[in-house]
Amino acid sequence: MASWIALFRGINVGGKNVLLMKDLVVLLEGLGCEDVKTYIQSGNAIFRSAELDASALEESISKAVSELFDFRPRVIVLGVGQFRQAAASNPFPGAEAEPRTLHLFFFGQRADAPDVEGLDAAKSASESFVLTAQVFYLHAPDGIGRSNLARAAERLIGVDVTARNWNTVARLLVMAEDFTD
């Protein structure tokens, strides 16, 4: 069994694409997942699965939601160890004191050709970012809602992304303590 974290994109926003977490637990268990835990309504789940391929899990979860709820969310599945490594590699540890200013954008696939010049041009004077092959770290002290860089990140990175603030990352890490890598 492998331990996974699934990050859903665009669910339960403004009354659209509604997926209650209790229904998500049932859905995941129906797909053979075990020890399913969820965190907040924006779609975060931790579970164990016999499936060892993240892409296969992404597809089966997205398809199951589509069949049951009439919308198809983007789901990014990361191994618990991969998620832990992303958090441990945070290049802005000082920003953890104000966790709403620090966001990790997780990629649906490897970003092989990001527009780094475009990212640099979109950032404000107060913002800082670090781009890796799998995670975009953004420190936005003036708020993510005001960030042109946050709005343009997915387009400039060139792959599907879903972002989580440091509060959520930290909470998922605590929830994953009992899960193996």
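Guide: Before we start, one cut-off: angles between helix axes under 35 degrees count as roughly parallel, over 145 as roughly antiparallel, 65 to 115 as roughly perpendicular, and the rest as oblique. Keep in mind too that this is a predicted model.

Visitor: Okay, let's use that. How are α3 and α6 oriented to each other?

Guide: The axes of α3 and helix α6 (residues 166-175) come within 11 Å and cross at roughly 135°. That angle falls in none of the named ranges, so what's left for α3 and α6 is the word oblique.

Visitor: Which residues of α6 make the contact with α3?

Guide: α3 passes α6 in a left-handed crossing. On the α3 side, the contact is made by F83, R84 and A87. Sorted by class, the contact of α3 with α6 has 6 nonpolar residues, no polar ones and 1 charged. The partners on α6 are W166, V169, L172 and L173.

Visitor: What about α1 and α2: what word describes how α1 lies to α2?

Guide: Helix α1 covers residues 21-30 and helix α2 covers residues 54-69, and their axes are 11 Å apart at an angle of about 120°. Check that against the cut-offs, and it makes α1 oblique to α2.

Visitor: How many nonpolar residues are in the contact of α1 with α2?

Guide: This crossing is right-handed. From α1 come D23, L27 and L28, and from α2 come I61, A64, V65, L68 and F69. Splitting the contact by class gives no polar residues, 1 charged, and a nonpolar count of 7.

Visitor: Switching to rings: how many residues apart in sequence are the parts that the pair of F83 and F106 ties together?

Guide: A search of the whole structure turns up 3 aromatic pairs. In one of them, F83 and F106 are stacked, at 5.2 Å centre to centre with 20° between the planes. F83 sits in helix α3 (residues 80-88) and F106 in strand β5 (residues 102-107), so the parts tied together are 23 residues apart in sequence.

Visitor: Is F106 buried or exposed?

Guide: Buried means under 20% relative accessible area. Its partner F83 has 1%, so F83 is buried. F106 has 2% relative accessibility, so F106 also counts as buried.

Visitor: How is the pair of F129 and F136 arranged, stacked or tilted?

Guide: Planes under 30 degrees apart count as stacked, over 60 as edge-to-face and the rest as tilted. F129 and F136 are 5.4 Å apart centre to centre, and with 40° between the planes the pair is tilted.

Visitor: Which residues form one aromatic cluster?

Guide: Two of the members have come up already: F129, buried at 18% relative accessibility, and F136, buried at 0%. Put together, the cluster is F105, F129 and F136.

Visitor: Which residues does V159 touch?

Guide: V159 is in the loop between α5 (148-157) and β8 (161-165), and at 8% relative accessible area V159 is buried. Its C-alpha atom is 9.2 Å from that of A113, 46 residues away along the chain. Leaving out residues up to four places away in sequence, V159 touches F107, Q109, R110, A111 and E154.

Visitor: Last one: what is the phi of D35?

Guide: Most residues other than glycine have a negative phi. D35, in strand β2 (residues 34-38), is partly exposed at 44% relative accessibility. D35 is not a glycine, yet has a positive phi of about 55°.

Methods: Residues numbered from 1 in each chain as written. Predicted model: local features only at pLDDT ≥ 70, side-chain atom pairs only at ≥ 80, totals over all residues. Heavy atoms only, no water. Axes fitted to C-alpha atoms, helices over the stretch in contact; angles between N-to-C directions. Helix = DSSP H or I, 4+ residues; strand = E, 2+ residues; numbered from the N terminus. Left-handed = near helix turned anticlockwise from the far one by under 90°. Contact = heavy atoms within 4.5 Å. Nonpolar A, V, L, I, M, F, W, Y, C, P; charged D, E, K, R; others polar. Phe/Tyr/Trp six-rings, centres within 6.5 Å; stacked < 30°, edge-to-face > 60°. Buried < 20%, exposed > 50% of the residue type's maximum accessible area, 1.4 Å probe, protein only.
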